[in-house]
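Here is a short note for a colleague who is opening this entry for the first time. Please keep the view at hand while reading the points.

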Amino acid sequence: QVQLVESGGGLVQAGGSLRLSCAASGRPFSNYVVRWFRQAPGKEREFLATISGSGYSTYVEYSVKGRFTISRDNAKNTVYLQMNRLTPEDTAVYYCNTDDGSWGQGTQVTVSS
């Protein structure tokens with residue numbers, strides 16, 4: 001399995017932006033479809049976005065579409081989640097996942113009102 005490490009989370013005011021990174025190691029990264037999820041306290045894990053191995057195909061869930069963008073740089077073995085116009089409802093731990101079942105440890109995003 002590929003090893004994944006998320007980063008880029010933190011505390012931001014409502015209306016602000018963050019860019020999360022999912023860095024991979026262990027296998028050729030361009031082979032993998034990558035997904036972003038989040039989990040807020042007391043809630044189920046929520047799917048956000050996915051990107052193909054080449055990066056040419058992306059899908060963003062309707063609930064965050066227009067504010068979140070997924071992209072990747074295979075030369076850097078990294079997938080990104082750009083998050084704009086954040087609201088307190090975006091507060092959660094954000095995870096990346098590959099189609100071989102690998103998960104990162106998550107990165108905390110906290111949006112203050």
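**Notes on the sheet, the disulfide and one residue**

1. Start with strand S2, residues 10–13. S2 pairs with S10 in the parallel sense, over four bridges. One contact to look up is Gly10, whose bridge partner in S10 is Val109. Keep in mind that this is a predicted model.

2. S10 also pairs with strand S9, residues 92–98. Here the sense is antiparallel, over three bridges. Val109 of S10 appears again, this time with Ala92 standing opposite.

3. Which residues of S10 are on the covered face, and which on the uncovered one? S10 spans residues 107–112. Thr107, Val109 and Val111 make up the covered face. Gln108, Thr110 and Ser112 make up the uncovered one. In a regular strand, side chains alternate between the two faces of the sheet.

4. Now move to strand S4, residues 34–39. S4 and S9 run antiparallel and are joined by six bridges. Gln39 has Val93 as its bridge partner in S9.

5. Put the strands together. They belong to an open sheet of six strands, in the order S2-S10-S9-S4-S5-S6, and the pairing is mixed. S2 and S6 stand at the edges, each with a single partner strand, so one side of each has no neighbour in the sheet. On average, neighbouring strands of this sheet are turned by 25° against each other, direction ignored.

6. How many disulfides does the structure hold? It holds one. The bond joins Cys22 to Cys96, with an S to S distance of 2.1 Å. Cys22 lies in strand S3 (residues 18–25) and Cys96 in strand S9, so the pair ties together parts that are 74 residues apart in sequence. The link of Cys22 and Cys96 is right-handed, with 75° about the S-S bond. Are these two cysteines buried or exposed? Cys22 is buried, and Cys96 is buried too.

7. Last, look at Thr58. Thr58 is found in strand S6, residues 58–60. Why is Thr58 classed as partly exposed? Its relative accessible area is 45%, and the partly exposed class lies between 20% and 50%. Leaving out residues up to four places away in sequence, Thr58 touches Thr50, Ile51 and Ile70. Val34 is 24 residues from Thr58 along the chain, and their C-alpha atoms are separated by 9.8 Å.

Methods:
Residues are numbered from 1 along each chain as its sequence is written. This is a predicted model: local features need pLDDT of at least 70, side-chain atom pairs count only at pLDDT 80 or more; totals for chains, interfaces and linings use all residues. Side-chain values use heavy atoms; hydrogens and water are left out. Buried means under 20% relative accessible area, exposed over 50%, partly exposed in between (1.4 Å probe, protein chains only). Helices (H or I, at least four residues) and strands (E, at least two) are DSSP runs, numbered from the N terminus. Two strands pair if DSSP finds at least two bridges between them. A disulfide is a pair of cysteine sulfur atoms within 2.5 Å. Contact means heavy atoms within 4.5 Å. Axes are lines fitted to C-alpha atoms, for helices over the stretch in contact, and angles run from 0 to 180 degrees between N-to-C directions.
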